Amino acid sequence: MFEAIASASTLGDALDSVSVLVDECKIRLNEDGLAIRAVDPANVGMVDLDLEAGAFESYDADGGVIGVNLARLEDIASMANADDLVHLELDEETRKLHIQMDGLSYTLALIDPDSIRQEPDIPDLDLSAEIVVEGAQLSRGVTAADMVSDHIRLRVDPDDEAFLVEAQGDTDDVDLELSREDLIDLKAGGADSLFSLDYLKDMNKAIASDAEVTIELGEEFPVKLHYGFGEGLGNVTYMLAPRIQSD
Amino acid sequence: MEYTTLVAVYNRLSATDATGEKRAILADVFADAGGALPRLVVLVWGRLGPAYDRPELGVSSSLALEAVCRATGAAKSAVRERWRETGDLGSAAAWAAEHGGQQTLFAESLTVDRVHERLREVATFAGEGSRTRRVDAVAGLVADADPDEACYVVRTVLGHVRVGVGEGLIRDALADAFLDGSDAAVAAIESAYQVTSDYPLVAERAREAGLDGVQALDISLGRPVRAMLAAKAASLDAGLSSAAGPDDRIHCEYKYDGVRVQLHVDDEIRVFTRRLADVTAQFPDVVRAVERGIEGPAILDGEVVGYDPATLGGDAAARAPVPFQELSTRVKRERGVERVAAEVPVVFHAFDYLYNGATLLDRPLADRLDRLESRLTPISPRPAGDPAVAGLELATAARTSADDPDPAAALYRAALETGHEGLVLKDPTAPYTPGRRVGRLLKLKPTMEPLDLVVTRAKYSEGRRSGLLGRLSLACRDEAASEAGDPALREVGRLSTGYTDDELAALTDRLEARVVARDGRAVDLQPGVVLEVEYEEIQRSDAYDSGYALRFPRFLGTRADLGLADVDTLARVEHLYESQ
């Protein structure tokens, strides 16, 4: 059993954060809210999302699991204006999701959840640095790095207490230095890792510019990016595996 | 079974050129395979199922490249460079897995089952978003692969594992693993394979039920039998005398230039090509004709020939067959099937009858043909019908004897005059021997058509002509893998004879202007010089990336009037191979 009413923008934010990594996912319809966990086919990027029942106008679920094609669902959700309410209801008999908004109703065929890749366990990571930054700042760094390279280096200089975003291209380089004053918070520790911009760019797309992003970073280790949405009742954690730094 | 175990087998196989050693390696692997046997027996030659079940993955080399880069984080340009150097995207993938640099969050182990199932699943992806899903699926496997595993995953995706294992070696190894390895055992496996086209089935049967079990395997609906092949006749007289049966009679029949197909008729009708591909979806017009003209259960052998629709209305002799190239556009088509069925209408010319609920393979040809004639109701082609219906009829034929060549000669002339390829001569007393080229079945046609091929690489000759580029690698064009403006070339052989010194000197000048790289006496060329080449026959070969080799190619001339786009296609080479 599942029936919920959500604002189109909250629903859209949730779907966007997952669809940057996978085309299909399982949605767990828990009693206390929705949960999605998915890893991209190459095991490089992972998303862990939960959206509490309180983020919905109304929410009623008893712990089922559905499989959805994200592009379809996003297309439908995009038919609504940001403040419209979207009504979702699962038909247990037909295994279809009925979606209604402002006079429009849509019946979405669901995917057998067993045909979707199993949800991964979250790797246990011990990350030494934690940076809290505005989405807009991170976005500047990513956009600038993308101008010169396919890779982005994120590091913390523990002595200077600064967060550095760097990219080295064949000819050009980019550096963005954010000192403690530029950041919302910084727990400095030795941290230095290189990442693929393909992935980080996509993740960055889903992060609102006014979101508070917590970055947990280590030494040649995966990075965790955490941010909230839906007035703090939705949480997303991305995890991205590093590249080997060749030089 | 872990995939790495299979990779170790691949590595052992590719480490030796000795057939005997390969056979011994395979026999050990099969004997110890346990539950993995049906999978191993096809994976060792790069297939994902029995010979007649060849799923179309829809992963071109450029998609595979994308998947490799995605999974390993290697730069496309770097992988492409390794691919170009080695001519093998598998080796390039191994390099990428080692040097790509992208770490993963976690790794799952690759098992034989996982690789096999996942790739078979890829073939089922269709419709919107399926391209991405195909790349993702391959990337998912490569992401969990070590360099050697990545190499073989990619090679399997592309359909060639390059370990020098073919159907013959599998046969021999099965005979060693489960029977006594004698010539008789090899022959039993061979003939079981020719009627079933199914090594997983033959292998399990050999293991469970031995020689008797293997010998009991028979023709069955839905599993195409290998086509009986014709040997070449040097001349009409020679052909007549060697095809003649004990009663001195000869069955002469038009040789058509179309697609050889086997029809399996039951509640469901299926159409298989000679290469055992299921083309039922591509020939709905043939299916409709069969529904009207043949009652199942039945298995028929024949040729689908394309005709100019304007000539199909009246007299059969006035019909104009279209060149094979036009018909071939129907074979791999997925969209607009009904439209081309009307544009390139076909007639199925039936010439053999293999099964009528019981096997007919051992019956004499004359008996099979009598039964075929009474079973088949001819259907006139209706290309303008809605939907179009193919023609269905018996192949044009005549009976004669060796001392009376006139009817055969007249039929041969008529075949050529009406635009067909030549004549097939058959012994009316002969059984149907699947997969074998036999002297009781002869074909007669004008010599092999020359091919226009492009020179991709060259080497300086030795000795008297040492200053001249006399050893040339020839390639055809792989249309399926080509992208706009960037034709994919596949080598089909090496040419070193047929030119005079003057011709070779002129050719050397043209080629030297196109040299892009030198390595000792070998040069890589910017492809563009097109040659007309004749040859004795086309063989299957692992030596060239086309999968074919020209036997005894000879230079006929330089075709300065032709460009890369005019080079003959791989599809044409395949067709010539099959029609010879």
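This briefing walks through the cavities, the chain contact, the salt bridges and some backbone details of the structure above.

Welcome to a predicted model. Chain A and chain B meet over a buried area of about 1600 Å², and the count of enclosed cavities of 30 Å³ or more comes to 2. Over all chains there are 48 salt bridges, and 3 of that kind cross the interface of chain A and chain B.

**The largest cavity**

- A good place to start looking is the largest cavity, which holds about 140 Å³ of space.
- Its lining is made of 15 residues, and A:L11, A:I27, A:L34, A:L73 and A:L88 are the ones nearest the centre.
- What is the chemical character of this lining? The lining of the largest cavity has 15 nonpolar residues, with no polar and no charged ones.
- Several elements of chain A share the work: α1 (8-19), β2 (24-30), β3 (33-39), β4 (45-52) and β6 (64-69) each bring at least two residues to this lining.
- Which element gives the most to the lining of the largest cavity? That is α1(A), with 3 residues.

**The second largest cavity**

- For the second largest cavity, turn to chain B, where the lining includes B:V225, B:R226, B:F272 and B:D301.
- Two strands of chain B, β3 (259-265) and β4 (269-273), are the elements that give two or more residues to this lining.
- The volume of the second largest cavity is about 40 Å³.
- β3(B) gives the most to the lining of the second largest cavity, with 3 residues.
- The lining of the second largest cavity is mixed, with 5 nonpolar, 2 polar and 4 charged residues.

**Where chain A meets chain B**

- How many residues does each chain bring to the contact? Chain A brings 24 residues and chain B brings 20 residues.
- Carbon and sulfur atoms give 51% of the area buried between the two chains, which is about 1600 Å².
- On the chain A side, A:P41, A:N43 and A:R243 together supply 32% of the area that chain A buries against chain B, more than any other three residues.
- Polar contact across the interface of chain A and chain B is found for 11 residue pairs, with both residues at pLDDT 80 or more.
- Two strands of chain A, β4 and β18 (234-240), each supply at least two residues of the side that touches chain B.
- That side of chain A is made up of 14 nonpolar, 3 polar and 7 charged residues.

**Salt bridges to look up**

- Between the chains, the side chains of A:E24 and B:R133 form a salt bridge, at 3.7 Å from N to O.
- Inside chain A, the side chains of A:E166 and A:R155 pair up in a salt bridge at 3.0 Å, again N to O.
- The A:E166 and A:R155 pair links distant parts of the chain: A:E166 sits in strand β12 (residues 162-168) and A:R155 in strand β11 (residues 151-157), 11 residues apart.

**Backbone details**

- Some background helps here: most residues other than glycine have a negative phi, and most peptide bonds are trans.
- In chain B, the peptide bond from B:G296 to B:P297 is cis, with omega near 0°.
- Where does B:P297 lie? B:P297 is in the loop between α14 (284-293) and β5 (298-306) of chain B.
- Another cis peptide bond runs from B:D386 to B:P387, with omega near 5°.
- The loop that holds B:P387 lies between α17 (365-375) and β7 (391-394) of chain B.
- In chain A, A:R95 has a positive phi of about 55°, although A:R95 is not a glycine.
- You can find A:R95 in the loop between β7 (85-91) and β8 (96-101) of chain A.

Note on methods. Residues numbered from 1 in each chain as written. Chains lettered and ligands numbered in written order. Predicted model: local features only at pLDDT ≥ 70, side-chain atom pairs only at ≥ 80, totals over all residues. Heavy atoms only, no water. 1 Å grid on protein atoms, 1.4 Å probe; cavity = no way out; pocket = protein on both sides within 12 Å on 5 of 7 lines; lining within 4 Å. Points joined across faces, edges and corners; volume = space filled by probe spheres on them. Helix = DSSP H or I, 4+ residues; strand = E, 2+ residues; numbered from the N terminus. Nonpolar A, V, L, I, M, F, W, Y, C, P; charged D, E, K, R; others polar. Contact = heavy atoms within 4.5 Å. Buried area = accessible area lost by both parts, 1.4 Å probe. Salt bridge = Lys/Arg side-chain N within 4 Å of Asp/Glu carboxyl O. Polar contact = N/O pair within 3.5 Å; in protein donor to acceptor, adjacent residues only side chain to side chain.
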